[in-house]
Amino acid sequence: MSLTDIERGDESCKMTFSDGAEYHVEYLDLRLDCPCANCKPRRENKQRMIEFQEELSRLRIEKPSIEIVGHYGLKFIWPSGCSSGIYSFDILREIAETEPHSRWQQS
Ligand SMILES: [Zn+2]
């Protein structure tokens, strides 16, 4: 599976995958799933995830720059800080298929 196209809007982006599937994904959801070493531990348990979400919700999530990484993923350069996490195409697909924020609301 690979990403064939990504179009950036103001608050979300449209991703097209090699099987033709298209998804609109909010930057906040992508940011919550940042795979970098700083953000990963913020999701290790439910309490920390809730705090992380609240913190990000208070930030204005701005349109990120995108850097392609080889043939398997890309980096989002977030104006609010993180830029070292590599989102593989598989991770992007997983985020795209997840109902927005649903994970955070499960009790
Ligand atoms: Zn991060």
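How many helices and how many strands are there in the protein chain? There are four helices and six strands. The legends below take them view by view.

**View 1. The whole chain, from the N terminus on.** This is a predicted model. The elements of the protein chain run β-β-β-α-α-β-β-β-α-α. The C-alpha atoms fill a box of roughly 35 × 30 × 25 Å, taken along the principal axes. A compact globule with 107 residues would have a radius of gyration near 13 Å, and the protein chain agrees, because its value is 13 Å. Buried residues make up 14% of the 107 residues. Take the contacts between residues at least 6 apart in sequence: 42% of them join residues at least 24 apart.

**View 2. Confidence along the chain.** The protein chain averages a pLDDT of 90. A score of at least 70 is reached by 92% of the residues. Confidence is highest in strand 6, at 97. Confidence is lowest in helix 4 (residues 102-105), at a mean of 52.

**View 3. The open sheet of strands 1, 2 and 3.** These three strands lie in the order 1-2-3, and their pairing is antiparallel. Strand 1 (3-8) and strand 3 each have a single partner strand, so one side of each is left without a neighbour in the sheet. Neighbouring strands here are turned by 20° against each other on average, direction ignored. Five bridges join strand 2 to strand 3 (residues 22-26). Follow two of the partners across: Cys13 has Val25 as its bridge partner in strand 3, and Met15 has Tyr23. The hairpin of strand 2 and strand 3 has four residues between the strands. In this hairpin, Gly20 takes a positive phi near 90°.

**View 4. Cys13 and the largest nonpolar core.** Which residues does Cys13 touch, not counting residues up to four places away in sequence? They are Ile6, Glu7, Arg8 and Val25. Cys13 also belongs to the largest nonpolar core, which has nine residues in all. The other members are Leu3, Met15, Tyr27, Leu30, Phe76, Trp78, Tyr87 and Leu92. Strand 2 (12-17) and helix 1 (27-32) each supply at least two residues of this core.

**View 5. The open sheet of strands 4, 5 and 6.** This sheet has the order 4-5-6, with antiparallel pairing. Its edge strands are strand 4 (65-69) and strand 6 (86-88), and each pairs on one side only. Neighbouring strands of this sheet are turned by 30° against each other on average, direction ignored. Helix 3 (residues 89-97) packs on the sheet and touches strand 5 and strand 6. The direction of helix 3 makes about 75° with that of strand 6. Three bridges join strand 5 (residues 73-77) to strand 6. Leu74 has Tyr87 as its bridge partner in strand 6. Tyr87 is also one of the residues of the largest nonpolar core.

**View 6. Gly73 in strand 5.** Gly73 is found in strand 5. Why does Gly73 count as partly exposed? Gly73 has 19 C-beta neighbours inside 10 Å, and a residue is buried if 20 or more lie within that distance. Leaving out residues up to four places away in sequence, Gly73 touches Ile86, Tyr87, Ser88 and Phe89. Gly73 and Ser88 are 15 residues apart along the chain, yet their C-alpha atoms are separated by 3.9 Å.

Definitions and conventions: Residues numbered from 1 in each chain as written. Predicted model: local features only at pLDDT ≥ 70, side-chain atom pairs only at ≥ 80, totals over all residues. Pairing = 2+ DSSP bridges. Axes fitted to C-alpha atoms, helices over the stretch in contact; angles between N-to-C directions. Contact = placed C-beta atoms within 7 Å. Core = buried A, V, L, I, M, F, W, Y, C linked by C-beta atoms within 7 Å. Buried ≥ 20, exposed ≤ 12 C-beta atoms within 10 Å, placed from the backbone. pLDDT = per-residue confidence, 0-100. Rg over C-alpha atoms; globule rule 2.2 N^0.38 Å.
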